Amino acid sequence: MDIFSAEEKIIPAGKWALVKAGFSMELPTGFEAQVRSKSGLSLKSGIVVLNSPGTIDENYRGEVGVILMNVSDQDYKVELNQKIAQMVINKVEHFKVEIVEELSSTERGQGGFGSTGLNK
């Protein structure tokens, strides 16, 4: 779902700002909301959600705000009631962390950062 701005705000080139969304919510136990960039706003204006995806926990009751960053070389004006981000509600699995001395082995092992290749 789209998130709209509840205020006007200038975001200088290369800077970020918290933009209020004008609503609060109560998520059911076991759920979270993820706030993500809008692709059109990112492509056309260089405006992205800084901590994408931003997480809203089930126990948060304050006003939703979106940290927007201007990665362009021009100042950007957020208009009142402008679409600024998208929000997805997801189920979250809760589990206990167990500290162990060893991990099970896999074919990949410790290989990371492109170790599985970039082609099929």
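**Contact range and overall form**

I looked up contact range to begin with. In the protein chain, 71% of the contacts between residues at least 6 apart in sequence join residues at least 24 apart. Contact here means heavy atoms within 4.5 Å. The model is predicted, so local features need pLDDT of at least 70 and side-chain atom pairs count only at pLDDT 80 or more, while totals for chains, interfaces and linings use all residues. Residues are numbered from 1 along each chain as its sequence is written, and side-chain values use heavy atoms, with hydrogens and water left out.

I then checked the dimensions. The radius of gyration of the protein chain is 19 Å, whereas a compact globule of 120 residues would have one near 14 Å. That radius is taken over C-alpha atoms, and the globule rule is 2.2 Å times the number of residues to the power 0.38. Along the principal axes, the C-alpha atoms fill a box of roughly 55 × 40 × 25 Å. Of the 120 residues, 27% count as buried. Buried means under 20% relative accessible area, exposed over 50%, and partly exposed in between (1.4 Å probe, protein chains only).

**Strands and sheet**

I listed the secondary structure next. The protein chain has one helix and nine strands. The pattern along the sequence is β-β-β-β-α-β-β-β-β-β. Helices (H or I, at least four residues) and strands (E, at least two) are DSSP runs, numbered from the N terminus.

I traced one open sheet. Its four strands come in the order β1-β9-β4-β6, with antiparallel pairing. β1 (2-4) and β6 stand at the edges with a single partner strand each, so one side of each has no neighbour in the sheet. Neighbouring strands of this sheet are turned by 35° against each other on average, direction ignored. For that angle, axes are lines fitted to C-alpha atoms, for helices over the stretch in contact, and angles run from 0 to 180 degrees between N-to-C directions. Two strands pair if DSSP finds at least two bridges between them. β1 and β9 are antiparallel and joined by three bridges. In that pairing, Phe-4 stands opposite Lys-83 of β9.

I followed β7 as well. β3 pairs with β7 in the antiparallel sense over five bridges. Val-19 has Val-66 as its bridge partner in β7, and Trp-16 has Met-69. β5 also runs antiparallel to β7, with three bridges. There, Val-48 stands opposite Met-69.

Which side chains of β3 are buried? Ala-17 and Val-19 are buried and point to one face, while Trp-16, Leu-18 and Lys-20 point to the other and are not buried. In a regular strand the side chains alternate between the two faces of the sheet.

**Core**

I searched for nonpolar cores, meaning sets of buried Ala, Val, Leu, Ile, Met, Phe, Trp, Tyr and Cys residues joined through side-chain atoms within 4.5 Å. In the largest, which has 21 residues, Ile-3, Val-66, Leu-68 and Ile-84 touch the most other members. β3 (16-20), β4 (31-36), β5 (47-49), β7, β8 (76-78) and β9 (83-91) each supply at least two residues of this core. β9 gives the most, with three. Not counting residues up to four places away in sequence, Ile-3 touches, among others, Phe-23, Val-35, Val-66, Ile-84 and Met-87.

**Buried polar residues**

I opened Asn-70, which is in strand β7 (residues 65-70). Asn-70 counts as buried because its relative accessibility is 0%. The side chains of Asn-70 and Ser-72 are joined by a polar contact of 2.6 Å. A polar contact is a pair of N or O atoms within 3.5 Å; within protein, one must be able to donate a hydrogen and the other to accept it, and residues adjacent in sequence count only if both atoms are side-chain atoms. Leaving aside neighbours within four places in sequence, the contacts of Asn-70 include Ile-11, Lys-15, Ser-45, Asp-75 and Tyr-76.

I did the same for Gln-34 in strand β4. Gln-34 is buried, with a relative accessible area of 14%. Its side chain makes a polar contact with the side chain of Arg-36 (2.5 Å). A polar contact of 3.5 Å joins the side chains of Gln-34 and Asn-90.

**Backbone checks**

I scanned the backbone last. The peptide bond from Ser-52 to Pro-53 is cis, with omega near -5°. Pro-53 is found in the loop between β5 and β6 (54-56), and Gln-34 touches Pro-53. Asn-81 has a positive phi, near 65°, and is a residue other than glycine. Asn-81 lies in the loop between β8 and β9. Is Asn-81 buried or exposed? Asn-81 counts as exposed, at 53% relative accessibility.
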